[in-house]
Amino acid sequence: MKRPLYGRILCAALLFGACTPGRQTADTLVRCEKAVASAPDSVMRALKAIAPENLGGRAAQARYALILAEAGDRTGHADANDSLLRVAWNYYREHPQEIRRQCKTLYYQGRDKLRRGDKPGALRLFLEVEEKIRQIDEPYYTGLLYLRIGEVYHAELNFIRAYRYCREARDRFLRAERPRETAEALLAMTSAALRMRDLQRARRDCTLALELADELHDDTLVRRSLSLFATLYVVSETERIPEDLLHRIETAACCDSTSAGLCTRAQVHLLRGNPDRALRDLQQAEERHPDCEELPILSYTAFRAETAAGHYPEATCAIHRFIYLNDSLTRAALHTSAGMIEKEYFRERSAFADYRMRSRRITERIVAAAILLVLLLAGLIVRQRLRLQRSRTERGLQLLREARDEYRKLAEYIMEKRHTESRLRSMIASRFEVIDRLGKTYYERENTTSGQLAMARQVKQLIDGFAENGEMLEELEQIVDEAHDGAMRKLRNDFPRMKEADTRLLCYIFGGFSPQVISLFMEESVANIYARKSRLKSRIRHSDSPHKEFLVALLEGSSDRC
């Protein structure tokens, strides 16, 4: 009575908070987030009462969607969780500081995939959550995650890993002081241990789970624990079940009309020595269309009941059906059955053991010698591979060291080259700045008054002297080569038939002189200089020179400077 009353009171409080707009909506979301684990139905009703326009920004919408998806997962109404979780993930994936809500979003996305049968996709999401959740200390949610991963491995028939993850989940729940979840983890461990035929471990885990269920007064957990005990003692052919435990199992299963409850009742009748009543219960259980996980234990219980009743042909059919179901589950999960092949191989060997004793001894010696030879060859191969791997590793390390040295040398060369280029450019700028300025002055003022004629004559003499000085031209070519990665040298090598005047024009252009000054050097008009420059640029672009892109880039760079 207390829990429904508490749920109604909480629902009324949440509804009152949800009806107020603005800031009250955030307070409602906080209360819903705290209460979703204990009262998910009330939280769902309170959240659905919030008007969409009161949610505000993306943060509130993402939080609302995540809480509603969690409540739907806990209540079993998770039909619309996919769209809700997409809304939450689209926001939280952009906010790495929200690591806890990121993990919860991915976790419930994995739960949604698991419900739709996509076990590989669910496991991938769960493993991603496992990697992220290590950054925070959340034992309860870590335990839930490990429990779900264990369920996936159990469905994939990997019972060793399933048991290990369920055991990790139990440890996390014990640390978080969550006894109900601890009992669920113990029951999952019991189921995995039963499938591994580790009956001692299964009995120990199931006993602990039953004790926790009794302390919690949880009838569901008690029935599950007692059902696993019944299966445990049916599978165990040597140990006898205690009478008080058998009575508890019988009392718990008497009112359960599901296929699992009928199977438990059949196991009780079988343990009490009433195989006919067990067979009737098993027939009723099969009429209720049990799922594929329950069919093998039903077939095995039928085999035990038919054997106890003396119906050996029917027992043979039941055990064959049990083997077929197990093999079908194995093939569905693993797509192969190497264990059955190995079992058949050893069965054939044991069938011929009586009359082939002498030949078997000889065969065993031959096989032993062959095995020793194979082991010897395998050892030699492994040793050779290890040696090759070691030599490859050493070679790789040597190449890495060489690459590092080359990288260091290249970096030093680049730095030195940049320094040289900067120095040479500064030399060009400082050496020819005066000439460039005077040339422009002369060009601009050559038809002015008589006071400027003298200056024009001096500038003209200076420019003519520079243009006719062969040593200065050679020096200019060297400076251009140093500053522009051997541009003149590449030009002369790629175009040996180019006229000397065109080569000198390109040298002036690469040197950074303006078209006006070049026209003075070459004693041509500016228009001719532009025309020749355009013609040379087109000639270089359409040539087969391997450095044409580099030379065209220099010409275009000079155009930008102009």
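Author: A residue counts as buried when its relative accessible area is under 20%, and in this predicted model 41% of the 562 residues of the protein meet that description. The protein has 26 helices and 0 strands.

Reader: Why is L376 called exposed?

Author: The cut-off for exposed is over 50% relative accessible area, and L376 has 51% relative accessibility, so L376 counts as exposed. L376 is placed in helix α19, which covers residues 357–445, and it belongs to a nonpolar surface patch together with L373, L377, L380 and I381, the patch having about 470 Å² of accessible area.

Reader: How do you know that Y107 and Y108 are to be counted as buried or exposed?

Author: Buried requires a value under 20%; Y107 has a relative accessibility of 6% and therefore counts as buried, while Y108, with a relative accessible area of 2%, is buried because that value also lies under the cut-off.

Reader: What makes Y107 and Y108 an aromatic pair, and which kind of pair is it?

Author: Ring centres have to lie within 6.5 Å for a pair, and planes over 60 degrees apart count as edge-to-face. For Y107 and Y108 the centres are 5.0 Å apart and the planes stand at 75 degrees, so the two rings form a pair, and the pair is edge-to-face. Y107 and Y108 also form one aromatic cluster with F126, and the structure holds 9 aromatic pairs.

Reader: Why is the pair of Y146 and Y165 called tilted?

Author: Stacked needs planes under 30 degrees apart and edge-to-face needs over 60, with the rest counted as tilted; the planes of Y146 and Y165 are at 55 degrees, with the ring centres 5.6 Å apart, so this pair is tilted. Because Y146 lies in helix α8 (residues 139–155) and Y165 in helix α9 (residues 159–176), the pair ties together parts that are 19 residues apart in sequence. Both Y146 and Y165 are buried.

Reader: Which residues touch the most other members of the largest nonpolar core, and which helix gives the most to this core?

Author: The largest nonpolar core has 101 residues, and those touching the most other members are V43, L47, I149, F229, L245 and I249. Helix α12 (residues 219–235) gives the most to this core, with 10 residues. A second, separate core has 26 residues, among them L476, L491, M522 and V552.

Reader: Which residues does L47 touch, leaving out those up to four places away in sequence?

Author: With those neighbours left out, L47 touches L29, C32, Y64, I67 and L68.

Note on methods: Residues numbered from 1 in each chain as written. Predicted model: local features only at pLDDT ≥ 70, side-chain atom pairs only at ≥ 80, totals over all residues. Heavy atoms only, no water. Patch = residues over 30% accessible without salt bridge, like charges linked within 9 Å, V, L, I, M, F, W, Y side chains within 5 Å. Areas by Shrake-Rupley, 256 points an atom, 1.4 Å probe, with all protein chains shown as cover. Salt bridge = Lys/Arg side-chain N within 4 Å of Asp/Glu carboxyl O. Helix = DSSP H or I, 4+ residues; strand = E, 2+ residues; numbered from the N terminus. Buried < 20%, exposed > 50% of the residue type's maximum accessible area, 1.4 Å probe, protein only. Core = buried A, V, L, I, M, F, W, Y, C linked by side-chain atoms within 4.5 Å. Contact = heavy atoms within 4.5 Å. Phe/Tyr/Trp six-rings, centres within 6.5 Å; stacked < 30°, edge-to-face > 60°.
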